[in-house]
Amino acid sequence: MILLQSHSRFLLQTLVNRLHNLEKAVELDYHWVEFGDVRYHVQVSVKNPHLLLLSVSLPTPPSETIFFGGLPRGAIEAIKAAYAPVVQILDPPKDGFNLTLKLNLSKLPPDEEYRQAFLVKIASVREVVLGAPLRVALKHLSSRTAAPATDPLLSLVHRPNESFFLVPQADKVTVVFPMRFKDSIDIVLATSFLQEFVEARRTAGLNNAPSCLWSPSPPLELKDVPVESLSANAGFVTFVISPRHVEGKKLDRTVWNLSSFHAYVSYHVKCSEGFMHTRMRRRVESLIQALDRAKPDLEKSRKTAPSRSFKRLSLKEARANSKS
Amino acid sequence: MDATSRPAVVIDNGTGYTKMGFAGNVEPCFILPTVVAVNESFLNQNRIASKANWLAQHSAGVMADLDFYIGDEALARSRSSSTYNLSYPIKHGQVDNWDAMERYWQQCMFNYLRCDPEDHYFLLTESPLTAPESREYTGEIMFETFNVPGLYIAVNSVLALAAGYTTSKCEMTGVVVDVGDGATHVVPVADGYVIGSSIKSIPISGKDVTLFIQQLMRERGENIPPEDSFEVARKVKEMYCYTCSDIVKEFNKHDKEPAKYIKQWRGIKPKTGVPYSCDVGYERFLGPEVFFSPEIYSSDYSTPLPAVIDKCIQSAPIDTRRALYKNIVLSGGSTMFKDFHRRLQRDLKKIVDARVSASDARLGGELKAQPVEVNVVSHPIQRFAVWFGGSVLASTPEFFAACHTKTEYEEYGASICRTNPVFKGMY
């Protein structure tokens, strides 16, 4: 797996399971948490087996990001547009959550394929809600109309008390991510990962990808942002999105990839750590083998032929050993 | 936000299936086969031509170290293409391949649970016979690779006892009969502490039942494609097997009314796509019978499970024995056969009663021993009882204080995971 999927696997599984035994009344009550501190709560009661209550809690926004009624700007409209007949928004939401949706599973479209696509859409509720302002900005970009009377700089929450920034213009949208990591090793790995990431963008095959930049200090676009929200220990990543990246179906993917960028980097940092461990383990094993060969083992050496008491390395193997 | 305010992640890695989810729920989120499918074709040529290899990978759209799948996806991949090799990270209840295990955990966290490991405390399980070194290794991977803030490695038999804890009574003394896919242990626990010297294990487990069923079906000449026969045997075991009270009577029943007892299995040949069907007959009760009369399966092991349990309790401290007989808890997928607990209780009761009456006879009827209460407990969540126990344990506030934390790890190293307090006085 290279990219994170936009739908929550467990939510999708729960929805599909529920739909398959719709007439069977069961009591469900699941809580779980995803990366970026998004919490979910699913409830089904025995009385109304075709109704499902889905509550979502979003990460706490930092001071520069403003929520309207506990949700990012335009989230309500986005939910309505995406799930119109099936989903009803409950106001006020459940205690401790930002949003509660009431799903009426009996109103789902009958067509099997379309229904599956719809369930996936519901399972990617975090993309719809958290990515709502981003989607609006990118939509304006694809139709090349300047967003009416918005700020020159938008900030969007993506992790608790952390946000990334958006500079919408008529012909491009600039997205800036301040990258923060907790662990000192992670910081080093992430920094070099991001530098490689920018480097890889320059290879011939990726000419059409959005241009991206990495810098250790905040880029010029963020000169109006208060200093305290600009402390990033792994530098700043800037993407410039042009209209061709948000045409038609590409829009959804771009929104998700941008809003999960931090999680993506952190996933790959963990993967590289794991990969390094694998290499280290292999190395230790080969060193231990070398030590074992050097042990004077009297019992055995008497039994084996003298020519086999040490292993002669061929030239190729010796070179491979010295390289690794 | 502090990690202690979020629910802990509970992962119970078994030989056959892994159960994972968040603490506080009643069911695990996912139950997956513990298997990893790795594409080795890019990994091995790494050293020879790294540049050319990179280009080849790039055009194939993969990164060698990320090109693997776990669980059901892994099984599907290995069936449909030959580039993926299956590897089972856990063998006989012990982690065998740490590389595969690390990858498995990575996918559990990022692909299935989709949680950030830095945000959650973790509860993992191990079998009571795990070596301290392997616990250290687990701690190293969890703290170094995944940066977890806290880790608790629990003993699965204690968790299985804890699973019964909430449903009825606060009983932390009992014998846990854990029959998994790869290992069978009988573990006596007194007041939450494992009596290490009395742990018994037998070399027959869920996998042997599957192999036995496979063998029976093959010998009868059922029409099953050979590459699928193990999977079919596993499905037959999970769907149709039951425990009988008397093997001879059961044979008679089957012979009298074959229509009622013989089931049909239908499948599709994976290579040609031709549908086939076969009969499922005596193996329905002969499979689980392996635990009660092992001589029908292997010639070198012949002690039945009830006798092993009895021996285990007899070797425990004398003041705990009555309590142990009273609370025998089943856990693991292979105890799910219908009436398994009844048969176990009956056979065990027989052994105990015989001993009591023998001692009565020896005393010449002057003293009458109080009858021993034998009770085998079974509950509906047996399949993931260990996970459920973990979920209960990890949702108590004391859990976070009992964990090994990241700061402790950085201060003292992996040796903090070496000992487990439930084995007090063992090491």
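**Chain B, overall**

I began with the secondary structure of chain B, which in this predicted model comes to 17 helices and 19 strands. I then looked up the dimensions and found that the C-alpha trace of chain B spans about 85 × 60 × 35 Å along its principal axes. For the radius of gyration I noted 24 Å, which agrees with the value near 22 Å that a compact globule of 427 residues would have. Buried residues make up 45% of the 427 residues in chain B, and of the contacts with a separation of 6 or more, 71% are between residues 24 or more positions apart.

**Domains of chain B**

I looked up the division into domains and found that domain 1 of chain B is assembled from the stretches 3–34, 88–159 and 384–426, while domain 2 takes 166–203 and 303–377, and domain 3 covers 206–290. Between domain 2 of chain B and domain 3 of chain B I noted 30 Å from one C-alpha centre to the other. Their contact draws on 11 residues from domain 2 of chain B and eight residues from domain 3 of chain B. On the side of domain 2 of chain B that touches domain 3 of chain B, I sorted the residues into three nonpolar, four polar and four charged.

**Where the chains meet**

Next I turned to the two chains together, where 29 residues of chain A are in contact with 29 residues of chain B. Which elements of chain A each supply at least two residues of the side that touches chain B? I listed helix H1 (9–20), strand S1 (28–34), helix H8 (261–294) and helix H10 (315–323) of chain A, and of these H8(A) gives the largest share, with 10 residues. The residues on this side of chain A divide into 12 nonpolar, seven polar and 10 charged.

**A sheet in chain A**

I followed an open sheet of five strands in chain A, with the order S6-S7-S8-S10-S9 and antiparallel pairing. Strand S6 (154–159) and strand S9 (211–215) of chain A stand at the edges with a single partner strand each, so one side of each has no neighbour in the sheet. From one strand to the next, the twist averages 20 degrees. Looking at one pair, I found that strand S7 (residues 162–168) and strand S8 (residues 173–178) of chain A are joined over four bridges in the antiparallel sense, and that Val167(A) stands opposite Thr174(A) in S8(A). Helix H6 (residues 184–201) of chain A packs on the sheet, where it touches S9 and strand S10 (236–241) of chain A, and its direction makes about 150 degrees with that of S9(A).

**Backbone exceptions**

As background, most residues other than glycine have a negative phi, and most peptide bonds are trans. Against this I noted a cis peptide bond between Asp91(A) and Pro92(A), with omega about 0 degrees; Pro92(A) lies in the loop between strand S4 (87–90) and strand S5 (99–104) of chain A.

Asp37(A), although not a glycine, has a positive phi of about 55 degrees, and I located Asp37(A) in the loop between S1 and strand S2 (38–44) of chain A. In chain B, Asp339(B) has a positive phi of about 65 degrees and is found in the loop between strand S17 (328–331) and helix H14 (340–363) of chain B.

Is Asp37(A) buried or exposed? Asp37(A) is buried, because 20 other C-beta atoms lie within 10 Å, and the cut-off for a buried residue is 20 or more. Asp339(B), with 15 C-beta neighbours inside 10 Å, counts as partly exposed.

Notes: Residues are numbered from 1 along each chain as its sequence is written. Chains are lettered from A and ligands numbered from 1 in the order in which they are written. This is a predicted model: local features need pLDDT of at least 70, side-chain atom pairs count only at pLDDT 80 or more; totals for chains, interfaces and linings use all residues. Domain bounds come from an automatic or database domain assignment. Two residues are in contact if their C-beta atoms, placed from the backbone, lie within 7 Å. Ala, Val, Leu, Ile, Met, Phe, Trp, Tyr, Cys and Pro count as nonpolar, Asp, Glu, Lys and Arg as charged, and the others, Gly among them, as polar. Two strands pair if DSSP finds at least two bridges between them. Axes are lines fitted to C-alpha atoms, for helices over the stretch in contact, and angles run from 0 to 180 degrees between N-to-C directions. The radius of gyration is taken over C-alpha atoms; the globule rule is 2.2 Å times the number of residues to the power 0.38. A residue is buried if 20 or more other C-beta atoms lie within 10 Å of its own, exposed if 12 or fewer, and partly exposed in between; C-beta atoms are placed from the backbone.
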